[in-house]
Amino acid sequence: VVEQGALVDGVATWADLGELAVGEARELVVRGRLQAVLADGLRVENQATVSAQDLDPRLSDDPATPAQDDPTALVVRSRADFALDKAVEDLNGGRVQAGDRLRYTLTLTPRGTSPLTQLVVEDPVPAELEAAAPGEGGRLVNGRITWAIAGPLRPDDPEPLRLTFEGTVRAGVAAGTLISNQAAARSAEAELRASDDPSTPAAGDPTVVEVVAEPDLAGAQKT
């Protein structure tokens, strides 16, 4: 908002201010609001130019600093945060059995007031699974899947980041076995955080499925 002036193409202008006597001061005001999401440490600078008849253009000065004719600046303080959920689906349907194909989906939702950059997500594949196949450019090395995302990911992005991998429950995994899986993520701005199973009330818990044994009805007869 420009008081008693005009804003055109992002430039505030005051024209025809009349005469200004020696020693006289006049206040010109611009009000604005910082964007909701900005990088921590960002320096926001602003500097005006004044010109008048018989006077060369002159830059404004920040009186809070000893430098001459320097822009008025402020430093943004913001905080990056995110939520990381992990869900699992049996692609064969029904309860989990040996030989079933499972798909895990990680959902990373940026929060806070700062973008996420240099994001790394790591997910160890459970020993009970074989033929693991990561999606979305993930790399499987020594039983661990890694996704590297340069970003930025912003809290005001329309959709969260989703990452997936699939694996098959090994033959011979006993009924009652609990297959537990938990990923972790970090960024340049946010510390390491473990994934959470959104289907339970506990916070930061691994995603767990139980292997069951269905009865073998082959050869059953109806009487």
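Contact, as used in these exercises, means heavy atoms within 4.5 Å. The structure is a predicted model, in which local features need pLDDT of at least 70 and side-chain atom pairs count only at pLDDT 80 or more, while totals for chains, interfaces and linings use all residues. Residues are numbered from 1 along each chain as its sequence is written, and side-chain values use heavy atoms, with hydrogens and water left out.

**Exercise 1. The nonpolar core**

Task: State how many residues the largest nonpolar core has, and describe the surroundings of V121.

Solution.
- Step 1. A nonpolar core is a set of buried Ala, Val, Leu, Ile, Met, Phe, Trp, Tyr and Cys residues joined through side-chain atoms within 4.5 Å. Buried means under 20% relative accessible area, exposed over 50%, and partly exposed in between (1.4 Å probe, protein chains only).
- Step 2. The largest such core has 28 residues, and L108, V121, L129 and V169 have the most contacts inside it. Two or more residues each come from β7 (80–90), β8 (101–112), β9 (119–124), β12 (144–149) and β13 (161–169). Strands (E, at least two residues) and helices (H or I, at least four) are DSSP runs, numbered from the N terminus.
- Step 3. Not counting residues up to four places away in sequence, V121 touches L106, L108, I145, T146, W147, L163, A184 and A185.
- Step 4. As background, nonpolar side chains in soluble globular proteins tend to be buried together.

**Exercise 2. An open sheet**

Task: Determine the order of the strands in the open sheet of five strands, and explain why one side of β11 and of β16 is left without a neighbour.

Solution.
- Step 1. Two strands pair if DSSP finds at least two bridges between them.
- Step 2. The order is β11-β12-β9-β15-β16, with antiparallel pairing.
- Step 3. β11 (139–141) and β16 (193–194) stand at the edges with a single partner strand each, so one side of each has no neighbour in the sheet.
- Step 4. Within this sheet, β9 and β12 run antiparallel and are joined by six bridges. D123 has I145 in β12 as its bridge partner.

**Exercise 3. Two faces of a strand**

Task: Establish which side chains of β17 are buried, and identify the residue that stands opposite V208.

Solution.
- Step 1. In a regular strand the side chains alternate between the two faces of the sheet.
- Step 2. In β17 (residues 207–210), T207 and V209 point to one face and are buried, whereas V208 and E210 point to the other and are not.
- Step 3. β17 pairs with β14 (residues 178–181) in the antiparallel sense over four bridges, and S180 stands opposite V208.

**Exercise 4. Charged side chains**

Task: Describe the salt bridge of R193, and decide whether D70 is buried or exposed.

Solution.
- Step 1. A salt bridge is a side-chain nitrogen of Lys or Arg within 4 Å of a carboxyl oxygen of Asp or Glu. The whole structure holds 13 of them.
- Step 2. R193 and D81 meet in one of these at 2.7 Å, N to O. This pair links distant parts of the chain, with R193 in strand β16 and D81 in strand β7, 112 residues apart.
- Step 3. R193 is partly exposed because its relative accessible area is 35%, and D81 is buried because its value is 17%.
- Step 4. D70 lies in the loop between β5 (55–59) and β6 (72–75). D70 is buried yet has no salt bridge, and the nearest side chain of opposite charge, R43, is 6.0 Å away. Lys and Arg count here as positive and Asp and Glu as negative; His and the chain ends are not counted.
- Step 5. Leaving aside neighbours within four places in sequence, D70 is in contact with Q47, S60, D61, D62 and T65.

**Exercise 5. A serine in a loop**

Task: Explain why S78 counts as buried, and find the backbone atoms that its side chain reaches.

Solution.
- Step 1. S78 lies in the loop between β6 and β7, and counts as buried because its relative accessibility is 16%.
- Step 2. The side chain of S78 reaches the backbone oxygen of L38 at 2.7 Å. A polar atom of the same side chain lies 2.9 Å from the backbone nitrogen of D40.
- Step 3. Beyond neighbours within four places in sequence, S78 is in contact with L38, A39, D40, T113 and S114.

Conventions. Polar contact = N/O pair within 3.5 Å; in protein donor to acceptor, adjacent residues only side chain to side chain.
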